[in-house]
Amino acid sequence: MDFNRCMKHQLIRKTVREFAENEIRPLAAEMDKGPGFPDDLMEKMKPLHYFGLQVPMHLGGADLDSISYAIVIEEISRVSAALGLCITVHNSVGIYPILRFGTREQQQQFVPPMAAGERIGAFCLTEANAGSDAGGVETVAQETEQGFVLNGTKIFVTNGGICGTILVFAVSDMDPARSSVFIVENHTPGFSVGEIEDLCGMRANPVASLFFEDCRIAADHCLGKPGQGLKIGLTALDTGRIGVAAQALGIAQAAFEESVAYAKARQQFNQPISRFQTIQNYLADMAVQIDASRLLVHRAAALKDKGQPFSAQAAMAKLHCSTTARTVTNLAVQIHGGYGYSKEYDVERYFRDAKVTEIYEGTSEIQRMVIARDLLTRPV
Amino acid sequence: MKILTTVKKVVDVELNIHVENGAILDKGLQYVINAWDENAVEAAVQLKESHKADTTLVSLGSGDNTDIIRKCYAMGIDNAIHIDDPALAKADSPTFARVLQKVYEAGDYDLVITGKQAQDTDAGQAGIMLAQFLNIPCVSNVIKIEVTDDSHIQVSRLGDAGTEILDVTLPAVITVSDGINEPRLPAMRGIMMAKKKKINVMDLAGLGTSFEDVGGTAPTSEIVEFMPTEKRKGGQKFEGEPAEVTAKVVDLLVNEAKVL
């Protein structure tokens with residue numbers, strides 16, 4: 001099952017790597033200093049279809065298969081995980097639900113500007129009292145004759161500071177047990193962006209709180225049917241997990257490559273530290289975990305493309321890749337010693353970026369729940 | 001306007017190349033598109049975009065060239081021909097030019113764009129010879145192409161004394177320098193569409209010729225042996241008082257290196 005032998009996938013990897021090395025690498029460390037992505041960089045990414053990776057061509061996208069998609073996210077994240085995060089959230093949980101649940105009119109209205117990169121997507125589920133417990137959403141959608149009025153606050157919204165088209169989970173004022181998803185555009189009166197979060201990693205991504213105060217939206221901005229929120233959310237997250245898994249894989253791959261290069265170059269006791277068995281063991285463990293991660297991601301992606309159930313497999317991929325990202329970046333810092341703890345070396349950034357992959361789009365604990373539920377309900 | 005552009009698959013010279021007993025070892029070799037040919041492809045695709053030119057790529061050589069051809073498709077080339085014949089492994093520049101002549105004659109092209117040379121052999125002959133065999137104009141080392149009308153282009157070329165601007169009557173062959181453009185990275189959509197395009201693969205017989213017909217059996221030159229480039233020797237470092245060191249360096253330059 002060596003997916004990488006496919007020529008198309010090799011060309012995708014080579015093309016994205018060339019772009020990432022030439023255009024993103026020189027800016028990555030600087031981008032980490034503060035929120036936001038350079039306009040020039042975003043402009044360069046637009047015509048290459050990075051914002052419409054799996055969008056059908058008639059809606060302005062590249063119509064990539066899911067393995068190609070995972071390769072793109074891995075390669076961008078290998079250089080800048082924060083930008084990889086922007087791209088995967090935009091493409092998966094931003095655009096995908098509209099493609100999957102939207103009406104033809106909604107798709108034609110909202111998807112082309114997103115695929116062109118003119119409007120960045122965001123996915124708003126998390127609130128002060130809702131996250132892993134998606135049923136805890138308190139943002140309210142009051143139904144009126146003209147449509148809906150949203151009131152509530154969403155927190156830790158990836159792409160929050162640059163979002164243009166936002167999917168918002170809210171409960172009905174009549175029935176707080178049923179959530180629905182609404183498409184909100186950033187120019188809608190009553191919508192505003194809070195302060196950018198000061199986070200440990202992924203610092204280039206403008207993660208923010210979003211406020212909805214008497215935010216009036218038209219009736220046709222409800223995605224899918226009213227009350228379908230949980231279904232849309234879970235479906236979106238299944239897809240999103242492939243992207244986050246690929247992102248974590250990219251971080252681990254980057255940390256591993258830096259570690260190999262450093263271990264060969266760093267001399268201690270008159271020899272490169274790569275000659276020491278301890279370092280060799282570290283590198284071997286890192287390589288095994290990364291390879292296994294890649295196979296898990298590609299398996300989940302392949303299942304999705306075949307139209308087969310992939311929820312548990314995406315959860316396995318996300319769980320394993322994010323754990324790998326944390327352990328591999330930790331070992332990478334260890335191999336680098338004091339230098340690895342310094343911002344002079346990229347592994348320090350990878351170390352900070354890795355942790356959150358175990359938290360967002362379903363914590364590792366939630367992934368285990370998804371996997372266990374699948375195991376225990378599967379026919380014997 | 002119909003454009004024919006040529007693409008050669010070459011060994012990636014950025015990586016280590018190992019030579020043993022006068023031959024290049026296959027082990028560890030990686031292949032890439034000749035960089036100047038990538039400029040030629042970009043130039044052709046730009047003319048497609050600006051003047052609706054129909055672009056065809058031809059790649060010569062034995063073996064699988066699918067990967068480089070797919071990349072060119074992803075960049076925007078319309079059609080591709082691969083002349084895949086084991087005999088071409090031993091071909092010299094005039095033979096390649098004769099094969100290109102056959103391809104050209106089968107296609108009724110207005111303009112041929114090639115890289116000015118291949119980065120593996122650095123011969124720089126095939127494009128110019130093709131023009132000679134076809135008896136059509138040729139301009140080498142081109143850094144700019146402008147379409148004047150259906151039968152004329154104006155090109156700028158890097159000459160010894162500066163940039164030369166020439167009016168060229170079509171059909172013609174131009175060989176391009178890397179200064180002409182920055183080859184685009186394929187867009188994701190281009191890569192997805194490239195896999196659906198067909199590559200017209202044929203051997204010399206399929207092209208209506210033979211290795212003998214194109215002069216392959218009577219080559220004008222033959223590669224006898226490859227030799228590795230000599231590794232650069234380390235320099236010498238002198239320490240001490242400036243006056244002493246200077247005297248020592250001058251002495252060595254005069255008496256050992258004999259350059260002064």
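In the predicted model, the buried residues of helix α4 of chain B pack against four elements of that chain, namely α3, β8, β9 (residues 138-149) and β12. Helix α4 of chain B covers residues 126-134, and its buried residues are B:A126, B:G127, B:M129, B:L130 and B:A131. Just beyond the end of α4(B) stands B:N135, where phi is positive, at about 55°.

A positive phi of about 55° also occurs at B:D108, which is not a glycine. B:D108 belongs to the loop that links α3 (residues 93-107) to β8 (residues 111-115) in chain B. Both of these elements, α3 and β8, are among those packed against by the buried residues of α4(B). B:D108 itself has 9 other C-beta atoms within 10 Å and is therefore exposed, the limit for this class being 12 or fewer.

A further backbone feature of chain B is found in the loop between β11 (residues 163-169) and β12 (residues 172-176), where B:P171 is placed. The peptide bond that leads from B:L170 into B:P171 is cis, and its omega is near 0°. Strand β12, on one side of this loop, is also one of the elements that receive the buried residues of α4(B).

Taken as a whole, chain B contains 6 helices and 13 strands. Its C-alpha atoms occupy a box of roughly 70 × 45 × 40 Å along the principal axes. Of the 260 residues in the chain, 37% are buried. When contacts in chain B between residues at least 6 apart in sequence are considered, 70% of them connect residues at least 24 apart. For residues 21-211 of chain B, an unreviewed UniProt entry lists the domain "Electron transfer flavoprotein alpha/beta-subunit N-terminal". Across residues 21-211 of chain B, helix accounts for 30% and strand for 29%, and 28 Å separates the C-alpha atoms at the two ends.

Chain B also meets chain A, with 13 residues of chain B in contact with 16 residues of chain A. On the chain B side, α2 (residues 66-75) and α5 (residues 188-194) each provide at least two of the residues that touch chain A. Helix α2(B) gives the largest share of this side, with 5 residues. By class, the chain B side comprises 7 nonpolar, 1 polar and 5 charged residues.

Within chain A, two pairs of helices were examined. Two packed helices are described by the angle between their axes and by the distance between those axes. The first pair consists of α6 (residues 229-265) and α8 (residues 311-336) of chain A, whose axes come within 8 Å and cross at roughly 25°. Since angles under 35 degrees fall in this class, α6(A) and α8(A) are roughly parallel to each other. Their crossing is left-handed. The contact of α6(A) with α8(A) involves 19 nonpolar, 6 polar and 4 charged residues.

The second pair is formed by α3(A) and α7 (residues 277-305) of chain A, with axes that come within 8 Å and cross at roughly 145°. From α3(A), the residues A:S66, A:I67, A:Y69 and A:A70 take part, and they meet A:V297, A:H298, A:A301, A:A302, A:K304 and A:D305 of α7(A). The residues of this contact between α3(A) and α7(A) comprise 6 nonpolar, 2 polar and 2 charged.

Helix α3 of chain A, which covers residues 66-79, also holds A:V72. A:V72 has 31 C-beta neighbours inside 10 Å and therefore counts as buried, as the class begins at 20. Apart from neighbours within four places in sequence, the residues in contact with A:V72 are A:I12, A:V16 and A:L53. The C-alpha atom of A:V72 also lies 6.7 Å from that of A:R13, although 59 residues separate the two along the chain.

A:D214 of chain A is located in strand β7, which runs over residues 208-218. Its phi is positive, near 45°, in a residue other than glycine. With 10 other C-beta atoms within 10 Å, A:D214 is exposed.

Key. Residues are numbered from 1 along each chain as its sequence is written. Chains are lettered from A and ligands numbered from 1 in the order in which they are written. This is a predicted model: local features need pLDDT of at least 70, side-chain atom pairs count only at pLDDT 80 or more; totals for chains, interfaces and linings use all residues. UniProt positions are given in the numbering used here, feature names are shortened, and annotations may be inferred rather than shown by experiment. Axes are lines fitted to C-alpha atoms, for helices over the stretch in contact, and angles run from 0 to 180 degrees between N-to-C directions. Angles under 35 degrees count as roughly parallel, over 145 as roughly antiparallel, 65 to 115 as roughly perpendicular and the rest as oblique. A crossing is left-handed if the near helix is turned anticlockwise from the far one by less than a right angle, and right-handed if clockwise. Ala, Val, Leu, Ile, Met, Phe, Trp, Tyr, Cys and Pro count as nonpolar, Asp, Glu, Lys and Arg as charged, and the others, Gly among them, as polar. Two residues are in contact if their C-beta atoms, placed from the backbone, lie within 7 Å.
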